[in-house]
Amino acid sequence: MPDLDGAIFYIINKVYSHARLAQYGPGSRDIGTYEQKVYPDQLWRLQAEPKHPGYYYICNVHNDGYRIGKWGRGDDEVGNYNGQYFDDQLWKFEKSGDFYRIFNYKYKDAKMAKYGKGDDQWGTFSGDNYDDQLWKLTPLLEGSLGKTLVWSIDNRQGSKDV
């Protein structure tokens with residue numbers, strides 16, 4: 001798996017392919033998905049935790065200091081947190097094709113899921129694997145370096161200034 005530390009992504013559900021994870025506000029469940037437009041609160045930075053290799057804090061870029069945490073076993077006991085760092089805010093990204101299953105550190109079998117079309121219909125699920133638990137990490141910026149010749153001239157034999 002590539003090193004995800006410091007990378008910024010849109011986190012998009014596989015089944016609901018326009019549903020980007022978003023933080024609407026500071027409340028614990030002011031988080032969900034949004035399909036209609038792209039907003040800055042849909043950007044997430046992954047921050048590695050050196051004490052637990054392979055696990056990351058999922059930090060909202062727009063709302064400084066907020067991370068996704070899971071404070072209980074219930075599927076909806078997951079959302080925003082801004083305060084001390086705890087192990088229930090750590091997540092592991094397991095590759096599955098072009099997508100990832102996102103598992104919580106403290107609740108090992110809890111994987112992030114979107115179980116309905118509504119923006120608030122998300123949380124975690126601890127049962128069997130389904131496609132609504134798969135998430136695509138789409139980088140904020142994607143590019144590659146390459147060399148392209150735009151214009152060339154050879155005036156060694158020329159009679160006019162260039």
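**Side-chain environments in an all-strand predicted chain**

A polar atom of the D5 side chain lies 2.8 Å from the backbone nitrogen of A48. The model is predicted. D5 sits in the segment that precedes strand 1. The residue is partly exposed, with a relative accessible area of 41%. Beyond its neighbours within four places in sequence, D5 is in contact with L46, Q47, A48 and Y56. A48 thus appears both in this contact list and in the backbone pairing with the D5 side chain. Y81, by comparison, is 76 residues from D5 in sequence, and the two C-alpha atoms are 20 Å apart.

The overall chain was examined next. The protein chain contains 12 strands and zero helices. Its order along the sequence is β-β-β-β-β-β-β-β-β-β-β-β. The radius of gyration is 21 Å, well over the 15 Å that the globule rule gives for 162 residues, so the chain is more spread out than a compact globule. Along the principal axes, the C-alpha atoms fill a box of roughly 80 × 35 × 30 Å. Of the 162 residues, 41% are buried. Among contacts with a separation of 6 or more, 48% link residues 24 or more positions apart. The chain exposes about 9600 Å², and carbon and sulfur atoms supply 50% of that area. There are 21 positive and 23 negative charges, and their mean positions are 3 Å apart.

F9 belongs to strand 1, which spans residues 8–13. F9 is buried because its relative accessible area, 8%, is under the 20% cut-off. Its contacts, not counting residues up to four places away, are L4, Q42, L43, W44, L46, L137, T138, P139 and L140. One of these partners, L140, is 131 residues away in sequence. The C-alpha atoms of F9 and L140 are nevertheless 5.4 Å apart. L46 is a partner of F9, and L46 is also a partner of D5.

Three asparagines were then considered. N104 is placed in strand 9, residues 99–104. N104 has 0% relative accessibility and counts as buried. Its side chain pairs with two backbone nitrogens. A polar atom of the N104 side chain lies 2.9 Å from the backbone nitrogen of K106. For the backbone nitrogen of Y107, the distance to a polar atom of that side chain is 3.0 Å. Further along the sequence in either direction, beyond four places, N104 is in contact with Y55, K70, D88, L90, W91 and A110.

N80 lies in strand 7, residues 78–81. N80 also counts as buried, at 4% relative accessibility. Here the side chain pairs with backbone oxygens. The backbone oxygen of G27 lies 2.8 Å from a polar atom of the N80 side chain. The backbone oxygen of D30 is 3.3 Å from a polar atom of the N80 side chain. Both G27 and D30 appear among the contacts of N80 beyond four places in sequence. The other residues in that set are Q23, G25, P26, S28, I31, Y66, R67 and W71. Y57 is 23 residues from N80 in sequence, with a C-alpha to C-alpha distance of 12 Å.

N63 occupies the loop between strand 5 (55–60) and strand 6 (67–70). The side chains of N63 and Q23 are joined by a polar contact of 3.4 Å. Leaving out residues up to four places away, N63 touches Q23 and D41. Q23 is therefore a shared partner, within the 4.5 Å contact limit, of N63 and N80.

A second loop holds S126. This residue lies between strand 11 (123–125) and strand 12 (134–139). S126 is partly exposed, with a relative accessible area of 32%. Outside the four-place window, S126 touches D75, D109, A110 and K111. A110 is also a contact of N104. K108 is 18 residues from S126 in sequence, and their C-alpha atoms are 8.6 Å apart.

Conventions. Residues numbered from 1 in each chain as written. Predicted model: local features only at pLDDT ≥ 70, side-chain atom pairs only at ≥ 80, totals over all residues. Heavy atoms only, no water. Helix = DSSP H or I, 4+ residues; strand = E, 2+ residues; numbered from the N terminus. Rg over C-alpha atoms; globule rule 2.2 N^0.38 Å. Buried < 20%, exposed > 50% of the residue type's maximum accessible area, 1.4 Å probe, protein only. Areas by Shrake-Rupley, 256 points an atom, 1.4 Å probe, with all protein chains shown as cover. Lys, Arg positive; Asp, Glu negative; His and termini not counted. Charge placed at Lys NZ, Arg CZ, Asp CG, Glu CD. Polar contact = N/O pair within 3.5 Å; in protein donor to acceptor, adjacent residues only side chain to side chain.
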